[in-house]
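Biologist: I would like to go through this model with you, one question at a time. Please give the reasoning before each result.

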Amino acid sequence: MNEKVLVIDDDSGLLTLLRLGLERDGFTVITASSGKEGLRRAYETRPDVIILDIMMPEMDGWLTCQRLRTMCDTPIIMLTARANRTEVLKGLSLGADDYLTKPCSFDELKARVRTVLRRAQAGPSDDWRSVYDDGNLCVDLKEGTVMWRGEAVHLTPIESRLLMYLVSQKGRIVPHRELLTSVWGPEYAEEVGYLSVYIRYLRRKIEDDPSNPRYIHTRWRMGYYFAGNGAFLPEGDGVRTGTT
């Protein structure tokens, strides 16, 4: 294992602990004590995963995350003492792949690192249909690209994996657990809140009217489905097309 982990945190003691612990597990660890230094180190070293604190002087974790997302799609785990739901959702909306609150066990942090690395390294399966194109929305499953009316759509890594999976299962209701396990990993099978947040973000990017979606539909209490060419699955079983 030679994956590089960049840890950005203004707590020098924590930086040392994380570096020693992750190095014992075979990771190459780069540290930065501020958001600005973290951006420089990310550009210089091209890490495989980034662990990012929020409460830092000058440039906080929110802005650092935004700036990182303009540079790369490297998985970002936010590690912070701030744990209310609003802030978790804010971190996800800015492009973070995961959010872990302090204090946490080192074993849990290592498991999250391995999970985001596994997702980042996994490619689309060979049996996926290669392209969906209805003249407005074009999703290339093999290349991982999305076009909306001829313009490229920028998706975060999680948004991309979620859309690709739904499109690959076009016309089939995909249960919540299956989506969470396939996109985030088995450790996230119960995190339905993650799923609803990202479905909302996707709708904003590929729907004319996100509150009345054409493509990504909700089957209440069951899951979501991608309606190719705007075709609905049969009514009568509680289909809902809202933003939940």
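Modeller: This is a predicted model. A place to begin is the end of helix 4, where glycine 95, just after the helix, takes a positive phi of about 115 degrees.

Biologist: Which residues of helix 4 are buried?

Modeller: Helix 4 covers residues 85–93. Its buried residues pack against helix 3 (61–71), strand 4, strand 5 and helix 8 (192–206). The buried residues are Glu87, Val88, Leu89, Gly91 and Leu92.

Biologist: Arginine 46 has a positive phi in a residue other than glycine. Is arginine 46 buried or exposed?

Modeller: Arginine 46 lies in the loop between helix 2 (35–45) and strand 3, and its phi is near 50 degrees. The charged end of arginine 46 sits over the ring of tyrosine 43, 5.3 Å from the ring centre. Its relative accessible area is 54% and the cut-off is over 50%, so arginine 46 counts as exposed.

Biologist: What is the relative accessibility of arginine 149?

Modeller: Arginine 149 is placed in the loop between strand 8 (145–148) and strand 9 (151–152). Its phi is near 50 degrees, a positive value in a residue other than glycine. Arginine 149 counts as partly exposed, at a relative accessibility of 45%.

Biologist: Which strands stand at the edges of the open sheet?

Modeller: The open sheet has five strands in the order 2-1-3-4-5, with parallel pairing. An edge strand here has a single partner strand, so one of its sides is left without a neighbour in the sheet. That applies to strand 2 (28–32) and strand 5 (98–101).

Biologist: What is the average twist from one strand to the next?

Modeller: The value refers to the open sheet of five strands. From one strand to the next, the twist averages 20 degrees.

Biologist: In strand 3, which residue is the bridge partner of valine 7?

Modeller: Strand 1 (residues 4–8) pairs with strand 3 (residues 49–52) in the parallel sense, over four bridges. The bridge partner of valine 7 in strand 3 is isoleucine 51.

Biologist: At about what angle does helix 5 run to strand 5?

Modeller: Helix 5 (residues 106–121) lies across strand 1, strand 3, strand 4 (76–80) and strand 5. Relative to strand 5, helix 5 runs at about 175 degrees.

Biologist: How many disulfides are found in the whole structure?

Modeller: Cysteine 65 is buried, with a relative accessible area of 0%. The closest cysteine sulfur to that of cysteine 72 is in cysteine 65, 9.4 Å away, which is too far for a bond because a disulfide needs sulfur atoms within 2.5 Å. A search of the whole structure gives a count of zero.

Biologist: How many aromatic pairs are there by the ring-centre rule?

Modeller: The rule pairs rings whose centres lie within 6.5 Å. By this rule the count is seven.

Biologist: Is the pair of tyrosine 132 and phenylalanine 226 stacked or edge-to-face?

Modeller: The two residues are 94 residues apart, with tyrosine 132 in strand 6 (residues 131–133) and phenylalanine 226 in strand 12 (residues 223–226). Tyrosine 132 is buried at 6% relative accessible area, and phenylalanine 226 is buried at 0%. The ring centres are 5.0 Å apart and the planes stand at 90 degrees, so the pair is edge-to-face.

Biologist: What is the angle between the planes of tyrosine 188 and tyrosine 194?

Modeller: Both tyrosine 188 and tyrosine 194 are buried, and ring pairs link them into a cluster with Trp184, Tyr198 and Tyr201. Their pair is tilted, at 6.0 Å centre to centre, and the angle between the planes is 40 degrees.

How values were computed. Residues are numbered from 1 along each chain as its sequence is written. This is a predicted model: local features need pLDDT of at least 70, side-chain atom pairs count only at pLDDT 80 or more; totals for chains, interfaces and linings use all residues. Side-chain values use heavy atoms; hydrogens and water are left out. Rings of Phe, Tyr and Trp (its six-membered ring) pair if their centres lie within 6.5 Å; planes under 30 degrees apart count as stacked, over 60 as edge-to-face and the rest as tilted. Buried means under 20% relative accessible area, exposed over 50%, partly exposed in between (1.4 Å probe, protein chains only). A charge sits over a ring if NZ of Lys or CZ of Arg is within 6 Å of the ring centre and within 35 degrees of the ring normal. Two strands pair if DSSP finds at least two bridges between them. Axes are lines fitted to C-alpha atoms, for helices over the stretch in contact, and angles run from 0 to 180 degrees between N-to-C directions. Contact means heavy atoms within 4.5 Å.
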